[in-house]
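Student: I've got the model open and want to go through the labels people put on it. Can we check each one against its cut-off?

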Amino acid sequence: MARHLFAHAARALLTLLAVLVLTFALTRIAYRNPAAVLAPRNATQETLDGITRALRLDEPWYLQLWHYLYRGPDVQGAPMGLFHWPPALGYSFRRQQPVTELILSKIPVTLSLALGALVIWMTLSILLGVAAARRPGSWTDRVISTFCSAGLAAPTFVTGILLSYFLYFTLSTYGVRWFPSGGYVGLTEDPVEWARHLALPWLTITIAEIGVFQRVVRANMLDVLGSDYIRTARAKGVSERRIHFDHALRAALNPIITLGGLELAALMGGAIVTEQIFGLDGVGRLAVESALSGDFPVVIGTTILAATFFVISGFVVDVITYLRDPAASR
Amino acid sequence: MSSPPVLEPAGPAGPCDAEDGRRFPALRAILAERSTRFGLVLVGLVVLSALLAPVAAALTGHGPDQQFRAEALTTEGLPVGPNAEFLLGADGNGRDVLVRTLYGARISLLVGIPATTLALVAGTAVGLVAGFFPGAADRVLSFGTDIALSFPFVVTALSLVALNRGADGRPVIDPVLLVILVISLFAWTYFARLTRGLVVVLRNRPFVEAALTIGVSRRRLLVREILPNVLPVVAVYWAVQLPANILAEATLSFLGVGVQAPTASWGNMIAEAQRTSLYQVQPWFLLAPAIAMFVTVLGFNAIGSGIRNVLDPQR
């Protein structure tokens with residue numbers, strides 16, 4: 001156990017380090033000649049040299065890498081790198097704010113969006129997957145899988161816009177104001193408004209995810225239902241309901257947990273399209289805005305954040321699968 | 001272990017078919033699948049519209065980027081709905097939505113096909129080496145794949161596109177080319193894992209041992225014996241990966257970092273319809289590219305599931 005987890009943790013750390021080095025390489029490409037970009041117009045050669053020295057661009061690359069890790073992807077000011085304590089992600093000059101602070105202020109929105117959606121799509125996928133697996137090829141199965149493949153083929157931005165068109169715009173022309181057009185209300189401020197504002201975004205993500213998850217639940221259920229121990233359970237006279245939900249589902253759950261964890265991590269890195277459509281001021285929107293305005297420290301910060309979520313979730317999923325069934329995960 | 005989130009096919013079913021002696025029995029079985037046929041019809045429609053886009057432009061006399069402010073906008077400046085001259089109405093700039101949607105099909109294929117092909121070539125090369133040389137080479141390449149997978153697609157794509165800006169603020173390389181490169185930078189991992197899995201199985205087959213015994217060089221073995229066995233399966237999965245990449249282009253264009261206006265892409269058309277809210281008066285402005293996108297992805301997905309049913313029946 002400990003050995004297995006240690007190996008995975010070491011691998012995860014190494015991956016993260018590689019991500020850091022790659023982002024460093026990116027900034028070097030970005031600031032092709034940072035001194036010239038930063039210097040005021042008509043700057044003398046002396047000023048340029050001064051900036052080059054201040055940015056330590058005259059030093060060998062491994063020292064530059066160290067500065068990058070220690071000071072962050074910014075170019076001046078206090079040390080704000082990941083290897084500095086407390087770890088930080090640099091400073092955004094455009095927004096005049098530390099990147100870490102900026103990202104932390106957006107996390108509640110993205111977290112509410114991602115976690116809420118996760119609960120909804122997991123529940124629905126499991127219910128629909130089990131329902132479809134009861135009698136494969138039946139009418140129910142076909143309707144469910146048609147619905148799910150449609151969800152799979154519809155891009156998030158199309159579903160999102162159509163949902164807000166029909167459920168917000170069209171409804172409100174009839175005077176029904178169930179859903180707001182967008183925006184975010186904090187959970188601690190008003191839980192009801194919080195859920196009301198997030199309902200359509202949750203639905204958008206659910207439609208996108210359910211296509212994959214329902215299919216996996218169904219396939220695994222069928223797999224398990226065909227196995228010997230289910231036949232034994234049936235022979236013993238265990239009720240069908242218990243067989244489906246107790247015996248089969250439990251075994252079929254592992255792949256869903258793995259997939260769900262990784263998908264959650266991807267969303268935590270920014271449910272970019274959904275946030276954009278519903279005007280949710282989360283991490284994803286921050287990333288898009290920064291990329292479009294050329295705010296590199298923020299873009300790099302969000303990239304590192306997303307990669308970290310991904311690597312950590314891979315690790316956590318591994319621990320959970322291991323605890324559930326030590327033999328299965330070698 | 002740390003297997004990726006991709007729903008990757010379990011490979012080994014493929015190469016056995018190629019060994020049968022008959023050329024492509026799997027292909028015939030795939031074509032007999034109902035969902036493959038359904039998908040082929042939809043994809044055929046999309047390819048046809050891409051090819052016929054200039055014809056539609058010539059027939060209507062509306063270029064894809066041409067603005068008809070006098071005819072296609074009302075006096076309040078709102079786009080007209082479908083009529084005899086603008087079959088699907090106009091967009092906010094008085095351009096023909098139908099013609100632009102057809103041209104959008106070209107961009108989708110023009111980005112999706114090269115990106116997927118590039119990913120296939122790179123991924124297959126990596127997978128061949130990783131699968132054939134266990135030990136250090138395999139470990140290094142698999143670690144590289146892990147790293148590539150841990151970069152979030154959209155955020156990284158955003159930063160790469162953001163970096164594509166010279167000192168004067170103009171893009172350094174063509175945005176379309178960049179989108180192709182960015183997409184293939186992520187998609188290769190899928191082919192690498194697939195190929196590696198196939199090669200690991202093949203490596204232990206008698207014919208490989210036999211070839212090694214009679215002194216065939218490893219390079220020749222890899223290129224002449226293993227590659228031909230892997231290629232049909234990989235080529236089939238090219239079609240499975242293509243819709244994901246078409247969707248990726250549309251997503252980037254929707255976010256404003258992909259194909260740039262005025263070039264028509266379904267992604268940037270939908271973005272424009274949403275940004276201006278003009279779809280509320282002219283729904284086809286949004287619906288035409290949205291339906292096109294849906295049909296394309298649905299078609300390729302159907303082909304993909306037909307392929308999976310044959311090559312990977314246990315799923």
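Student: What makes you say that α5(A) meets α12(A)?
Tutor: This is a predicted model, and in it A:Leu102, A:Ile103, A:Lys106, A:Ile107 and A:Thr110 of α5(A) meet A:Val283, A:Gly284 and A:Leu286 of α12(A). A contact here calls for C-beta atoms within 7 Å. By type, the residues of that contact divide into five nonpolar, two polar and one charged.

Student: Why is α5(A) called oblique to α12(A)?
Tutor: Helix α5 (residues 99–134) of chain A and helix α12 (residues 283–293) of chain A pack at about 130°, their axes 7 Å apart. Roughly perpendicular covers 65 to 115 degrees and roughly antiparallel starts over 145. The angle of about 130° fits neither class, so α5(A) is oblique to α12(A).

Student: How do you know that helix α9 of chain A lies largely in the open?
Tutor: Count its buried residues. Being buried takes 20 or more other C-beta atoms within 10 Å. Of the nine residues of α9 (residues 228–236) of chain A, the number that qualify is zero, so the helix lies largely in the open. For chain A as a whole, buried residues make up 40% of the 330 residues. Just after α9(A), A:Gly237 has a positive phi of about 90°.

Student: B:Ser277 has a positive phi too, doesn't it? What makes this residue count as exposed?
Tutor: Its phi is near 60°, and B:Ser277 is not a glycine. You'll find B:Ser277 in the loop between α11 (266–276) and α12 (284–311) of chain B. The exposed class takes 12 or fewer neighbours. B:Ser277 has 12 C-beta neighbours inside 10 Å, so this residue counts as exposed.

Student: Which residues have the most contacts inside the largest nonpolar core?
Tutor: They are A:Ala287, B:Ala157, B:Leu158 and B:Ile270, in a core of 167 residues. Take B:Ile270: leaving aside neighbours within four places in sequence, B:Ile270 is in contact with A:Phe157, A:Val158 and A:Ile161, and also with B:Phe254, B:Leu286, B:Pro289 and B:Ala290.

Student: How many residues does each chain put into the contact between A and B?
Tutor: Chain A gives 48 residues and chain B gives 37 residues. On the side of chain A, the largest share, 11 residues, comes from helix α13 (residues 296–324). That side divides into 34 nonpolar, 10 polar and four charged residues.

Key:
Residues numbered from 1 in each chain as written. Chains lettered and ligands numbered in written order. Predicted model: local features only at pLDDT ≥ 70, side-chain atom pairs only at ≥ 80, totals over all residues. Contact = placed C-beta atoms within 7 Å. Helix = DSSP H or I, 4+ residues; strand = E, 2+ residues; numbered from the N terminus. Nonpolar A, V, L, I, M, F, W, Y, C, P; charged D, E, K, R; others polar. Axes fitted to C-alpha atoms, helices over the stretch in contact; angles between N-to-C directions. Parallel < 35°, antiparallel > 145°, perpendicular 65-115°, else oblique. Core = buried A, V, L, I, M, F, W, Y, C linked by C-beta atoms within 7 Å.
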